[in-house]
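Please open the structure in your viewer and keep the selection panel at hand. This tour goes from one stop to the next, saying each time what to select and what is there.

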Amino acid sequence: MALLEISDLSLEFATRRGVTPVLHGINLSVGRGQIVGLVGETGSGKSVTGLSIARLVPSPPGRYTAGTVTFDGLDILSLSERDMRGLRGVRIGMVFQDPSTNLNPSFTVRSQMVDVGLHVAAVAPERLNLNPGAPARARHKAALDKAVHMLERVGIRDAARRIGSHPHEFSGGMRQRVLIAMALMGRPELLIADEPTTALDVTVQAQVLQLLYGLVREFNLAVVLITHNMGVVAQLCTDVAVMEAGIIVEAGPARQVLREPRHAYTRLLLGAVPSVHGRQRPSVGAAQ
Ligand SMILES: Nc1ncnc2c1ncn2[C@@H]1O[C@H](COP(=O)(O)OP(=O)(O)O)[C@@H](O)[C@H]1O
Ligand SMILES: [Mg+2]
């Protein structure tokens with residue numbers, strides 16, 4: 001069984017205006033070293049799929065009507081909230097475009113990263129090389145050291161000083177690097193990244209994707225990379241699952257799906273990125 005297995009997952013939202021089914025029997029399998037691109041138009045169900053893996057779909061209104069999400073043999077949808085907190089931000093890293101994992105403009109990067117580190121120290125002290133009974137001072141120091149180290153790893157120079165800055169003092173690309181550093185602080189095995197570079201201009205996007213690719217390889221992560229951009233899939237992903245209206249209409253190795261898309265909808269998505277039809281991957285180089 002792969003590290004992450006989503007099996008026959010169906011989700012609906014029950015609102016005052018009625019019940020809307022949004023996922024219809026989703027199947028997705030992601031192992032270590034795999035970067036699975038989840039692609040599709042806005043509203044196709046990519047984000048709710050990603051959120052389901054971390055059990056972050058609000059419920060109500062969300063309601064699973066069938067299926068399972070299994071992470072390393074754990075039945076995610078039936079774990080206690082306490083057990084989930086032990087996974088989120090620790091074994092499962094997340095870069096989402098929502099306030100829960102985004103940077104808060106009011107606090108320094110240091111305070112936000114140290115918070116994440118303290119969470120790791122509380123639920124998985126060994127991941128920060130701490131003893132279970134380590135005193136608060138030691139936990140704080142380990143959290144801060146790890147934060148600075150991770151900022152250096154994502155290419156932020158003079159990290160020990162710059163960690164004291166507020167988010168707005170960083171460029172958009174640097175803020176995304178900070179978010180990636182935060183997501184990796186707990187040494188996760190699985191990373192879920194929801195449109196991590198969509199808001200960035202093309203050059204910066206390529207740099208951040210290249211960084212992400214290097215880290216994924218180095219830490220041998222399993223990755224679910226949500227995007228609506230087939231170019232990103234071509235550059236980065238080992239595998240791809242194409243979603244349309246809550247259904248995975250096509251899935252397989254990225255090379256194969258990009259070269260011989262079988263589903264009309266996949267061909268439509270590819271039509272927006274002529275460069276991926278060539279024999280070589282785009283020259284961003286991240287995939288090499
Ligand atoms: N909290 C929510 N309440 C009600 N409907 C929601 C909620 N979150 C998402 N949806 C609906 O679920 C569908 C899939 O949304 P989403 O996963 O965000 O799409 P994508 O990420 O592919 O753009 C959409 O129709 C959206 O309106
Ligand atoms: Mg989305």
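## Around ligand 1

Begin by selecting ligand 1 and the 13 residues around it, of which Phe13, Val22, Lys46, Ser47 and Val48 come nearest. Two elements give two or more residues to this shell, namely β1 (4–15) and α1 (46–53), and α1 is the one that gives the most, with 3 residues. If you colour the shell by class, you should find 5 nonpolar residues, 7 polar residues and 1 charged residue. Keep in mind throughout the tour that this is a predicted model.

## The open sheet

Next, select β1 together with the strands that make up an open sheet with it, which has 4 strands in the order β2-β1-β4-β5 and antiparallel pairing. At the edges of this sheet are β2 (18–30) and β5, each of which pairs on one side only. The pairing of β1 with β2 is antiparallel and extends over 9 bridges; to see one place where they meet, select Glu12, whose bridge partner in β2 is Pro21.

## Two loops beside β4

Now move to the loop between α1 and β4 (62–71), where Pro60 lies and where Pro61 is found as well. The peptide bond that joins Ser59 and Pro60 is cis, with omega at about -5 degrees, and the bond from Pro60 to Pro61 is also cis, with omega near 5 degrees.

Then select Asp72, which is in the loop between β4 and β5 (74–75). Although Asp72 is a residue other than glycine, its phi is positive, near 50 degrees. Is Asp72 buried or exposed? Asp72 is partly exposed, because 16 other C-beta atoms lie within 10 Å, whereas 20 or more would make a residue buried and 12 or fewer would make it exposed.

## Strand β3

For the following stop, select β3 (residues 35–39), a strand that is mostly covered, with 5 of its 5 residues buried. In a regular strand the side chains alternate between the two faces of the sheet. In β3, Ile35, Gly37 and Val39 point one way, while Val36 and Leu38 point the other way, and all of them are buried.

With β3 still selected, add strand β8 (residues 222–227), which runs parallel to β3 and is joined to it by 5 bridges; in β8, Val223 is the bridge partner of Ile35. Strand β9 (residues 239–244) also runs parallel to β3, with 4 bridges between them, and in β9 the bridge partner of Val36 is Asp239.

## The largest nonpolar core

From here, turn to the largest nonpolar core, which has 82 residues, and in which Val36, Val223 and Leu225 have the most contacts. Helix α6 (residues 172–183) gives the most to this core, with 7 residues. Where does this core lie with respect to domain 1 (1–91 + 189–288) and domain 2 (100–187)? Both domains give residues to this core, so it lies between them.

Select Leu225 to look at one of these residues: leaving aside neighbours within four places in sequence, Leu225 is in contact with Ile35, Val36, Gly37, Leu38, Ala193, Leu236 and Cys237.

## Last stop: Arg187

Finish by selecting Arg187, which has its place in the loop between α6 and β7 (190–194). Arg187 is not a glycine, and yet its phi is positive, at about 55 degrees. Arg187 is partly exposed, with 17 other C-beta atoms within 10 Å.

Key
Residues numbered from 1 in each chain as written. Chains lettered and ligands numbered in written order. Predicted model: local features only at pLDDT ≥ 70, side-chain atom pairs only at ≥ 80, totals over all residues. Near = placed C-beta within 6 Å. Nonpolar A, V, L, I, M, F, W, Y, C, P; charged D, E, K, R; others polar. Core = buried A, V, L, I, M, F, W, Y, C linked by C-beta atoms within 7 Å. Domains from an automatic or database assignment. Contact = placed C-beta atoms within 7 Å. Pairing = 2+ DSSP bridges.
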